[in-house]
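Before reading on, please open the sequence and the structure side by side, so that each element can be found as it is named. The account below begins with one chain, turns to the other, and ends where they meet.

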Amino acid sequence: MAYRRITFLLMIVSLSFFGLQGESSTKTVNAFSSQVIQQGAVGDDVIELQSRLQYLGFYNGKIDGVFGWGTYWALRNFQYEFGMEIDGLAGQTTKDKLVSASNYDEGYVKENINQGTDFTHYGGGEQKGTPSGENTTNTDTESTGGNATAVNVPQGYSQNDIQLMANAVYGEARGEPYEGQVAVAAVILNRIESPTFPNNASGVIFEPRAFTAVADGQIWLEPNDKAREAVIDAINGWDPTGNATYYFNPDTATSDWIWTRPQIKKIGKHIFCK
Amino acid sequence: MIRWILIGVLSLGLVGTGVWGYMEHQEKNAILIQAENTYQRSFHELTYHMDLLNDQIGTALAMNSTERLSPQFVEIWRLTSEALSNVGQLPLGLLPFNKTEEFLSDIGDFTYRTAVRNLENSPLTEEETETLQELYIQSGDIKNELREVQHIALENNLRWMDVQVALANQDEQMDNTIIDGLKTVEKSVEEYTEGNTQSSIIGTSSKDHSYKYLTGKEISEQEAIDKSKKIFNVENDENITIAESGDGSDIPLYSISYNNDEKRGYMDMSKQGGYPLSLLVTRDIGENKISLNEGAENALDYLESFDLDNMSLIGSSEYNRVGVYSFLYTENDVRVYSDAVEVKVALDNGEILGLAANNYYMNHTDRDIPSPEISEEEAKKVVNPNVEIQEEFLAIIDNDLGEEVLTYEFLGTLDNDTYRIFINAMNGMEEKVEKLDGTEINYASNF
């Protein structure tokens, strides 16, 4: 009987030892870099932030490496519960508090992210990863997002909208200076805003005879990063055209009518008008 | 013998080519017909919707009870949007048909505004009834013109494909009955818009302040260049080009650009006062060295260098090595949504890559901000009880009618989604509700 009790005790001791060891090893591994993490940030620090907030039960969303609204509210609630200043920024004090209050199993999180599985990182042994059907392995390690599986998009626009517009911009203005590419994107957006044109990107772009690149198929060329950046700038509010809804190339324009529009300015080869 | 074999092979080849050519031809025709059918469908739907629109406006005129009028206006609004989308599908890019589109969208705006209004409390005014009557007559005329074009097109079996060709080669004489017909429609609308300017529906879709608060004297071209050199942080004149804006510009501008080995910059500067309305610098950006947060501080310092004070950060996003920040002018803790400024910062060395301040300069003025007439608690009661309110602010926004109104701004969550809700601080009306997203699963890892 006594023998059994001793083995039992031994088991408990060894178990707790293992537990402690596991705990201490995860604790020392990787803490945040020195940056103050704020909403909109992307990268490994955000993954760690989300994992730790999830460990404590504040964050229920996906650990995707992008500091969106869900992460923002989770962080604020954490700051509220722990009696800190509620500013939604992960500064040094907040990060220290997070590190001391939670565990972060970096290897486990990164492995699951790389395998594209649905997983959670809750404390109390609830961690589980279920392999999803499609294996969407993230092989892109060059991008600045690192392991992030999501991206920031401007409010109200999807990546597909941006892609479509980037196609149009590249097809129409790939030889133009950068501001000329932003300008073409801005015209598409001004048309979406204008009551006399369709109210969505695809409607404006595919409106028959609106863009020559659509008519001759150049829209289906693969756009480069500059064209995408130009589209994102335009969506974020840059409009070098001064609110133009038309533009044309004076060397190739076939319509007399276009010359009657009030002209705003010329950027590169294109004249922009109201 | 060989000759016969040769003849056999060649004639087989000939027959083969013939069959192939014929099949290609069939295929091309099939596709042409497809396209033609889409155009035809849009055109006929357009005439149908104009018919219906005219009917419905007529019915609205006859209605008196408010509970019927609101749904009726919604119906008219729906029809204008259908008709607009039909116009958008027609190959009219080279044909000026925009007056008709504007006319449709005016009807849409008018009916929308009256439909969302509580007609019980504020019934149609006499002016609005008059406007409606005018719209009824005008839509009737347009309907008749379109009907006529449709009739001719059907009788002569006209094709939109031919219209397209006719529009493309304007010097060639072709049968362009459709074009002429549509031009007539457009012309008649043009006559109306002039007569319409007195009534309330034109130009209220959004009230532009159009830079009327800009101060300072007009600057010369040389002054603009000197100013821009400071802003661009460049020394020599050689690479700088400057141009003046044309008649279509909202206000007179200088557009200044420069180009050197690694960078290219572009800026719009107002002639009056020499304010930088929009600035873009492009170059290759290296690895991230500074955080989004440090970038925000750079952006704020930059704004202060233009005397853009009291700006508060409301949004920041990291895109592929750049940080983009949105700031709002804030006065006594009231955020003014129309006075917005965006700044773009390179995250490799913190350099400013862009400034979009046109909204700020267009709208900013010394406002007389009233104090709210209802309390925050009262405003919170208007918000959907399922939304958990997390943050609250006072804000000035443009409402549906394009007027600036003081509101309580609530940021709240409902399940996993975040919403921004504006409650009018004077009368407790729910002015705007907006779902906030801003992130998306990365479908393409190279994005």
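Chain B of this predicted model is built with 10 helices and 13 strands. Of its 447 residues, 32% are buried, and among the contacts in chain B that join residues at least 6 apart in sequence, 59% link residues that are at least 24 apart.

A good place to start within chain B is a pair of helices, α1 (residues 2-62) and α4 (residues 126-155), whose axes come within 9 Å of each other and cross at roughly 155 degrees. Because of that angle, α1(B) counts as roughly antiparallel to α4(B), the cut-off for this description being an angle over 145 degrees. The crossing of the two helices is left-handed. On the side of α1(B), the residues that make the contact include His44(B), Leu46(B), Thr47(B), Met50(B) and Asp51(B), and further along Ile57(B), Ala60(B) and Leu61(B); on the side of α4(B), they include Leu132(B), Leu135(B), Tyr136(B), Ile142(B), Lys143(B), Leu146(B) and Arg147(B). Sorted by class, the residues in the contact of α1(B) with α4(B) are 11 nonpolar, eight polar and three charged.

Chain A offers a second helix pair, made of α2 (residues 44-55) and α3 (residues 69-81), which pack with their axes 10 Å apart and at an angle of about 55 degrees. It is this angle that makes α2(A) oblique to α3(A), and α2(A) passes α3(A) in a left-handed crossing. From α2(A), the contact draws on Leu49(A), Gln50(A) and Leu53(A), while α3(A) contributes Thr71(A), Ala74(A), Leu75(A) and Phe78(A). Five of the residues in this contact are nonpolar and two are polar, with no charged residues.

In the loop between α2 and α3 of chain A lies Gly68(A). Is this glycine, Gly68(A), buried or exposed? Gly68(A) has 24 other C-beta atoms within 10 Å, and a residue is called buried when 20 or more lie within that distance, so Gly68(A) is buried. Although Gly68(A) and Val46(A) are 22 residues apart in sequence, their C-alpha atoms are 9.8 Å apart in space.

Further along chain A, three strands form an open sheet in the order β4-β6-β5, with antiparallel pairing. The edge strands of this sheet are β4 (246-248) and β5 (263-267), each of which pairs on one side only, and from one strand to the next the twist averages 25 degrees. The pairing of β5(A) with β6 (residues 270-273) of chain A runs in the antiparallel sense over four bridges, and Lys266(A) stands opposite Ile271(A), a residue in β6(A).

What remains is the place where the chains touch. How many residues does each chain bring to this contact? Chain B gives 61 residues and chain A gives 60 residues. Within the side of chain B that touches chain A, strand β5 (residues 311-319) of chain B gives the most, with five residues. By class, the residues on that side of chain B divide into 31 polar, 18 nonpolar and 12 charged.

Notes: Residues numbered from 1 in each chain as written. Chains lettered and ligands numbered in written order. Predicted model: local features only at pLDDT ≥ 70, side-chain atom pairs only at ≥ 80, totals over all residues. Axes fitted to C-alpha atoms, helices over the stretch in contact; angles between N-to-C directions. Parallel < 35°, antiparallel > 145°, perpendicular 65-115°, else oblique. Left-handed = near helix turned anticlockwise from the far one by under 90°. Contact = placed C-beta atoms within 7 Å. Nonpolar A, V, L, I, M, F, W, Y, C, P; charged D, E, K, R; others polar. Pairing = 2+ DSSP bridges. Buried ≥ 20, exposed ≤ 12 C-beta atoms within 10 Å, placed from the backbone.
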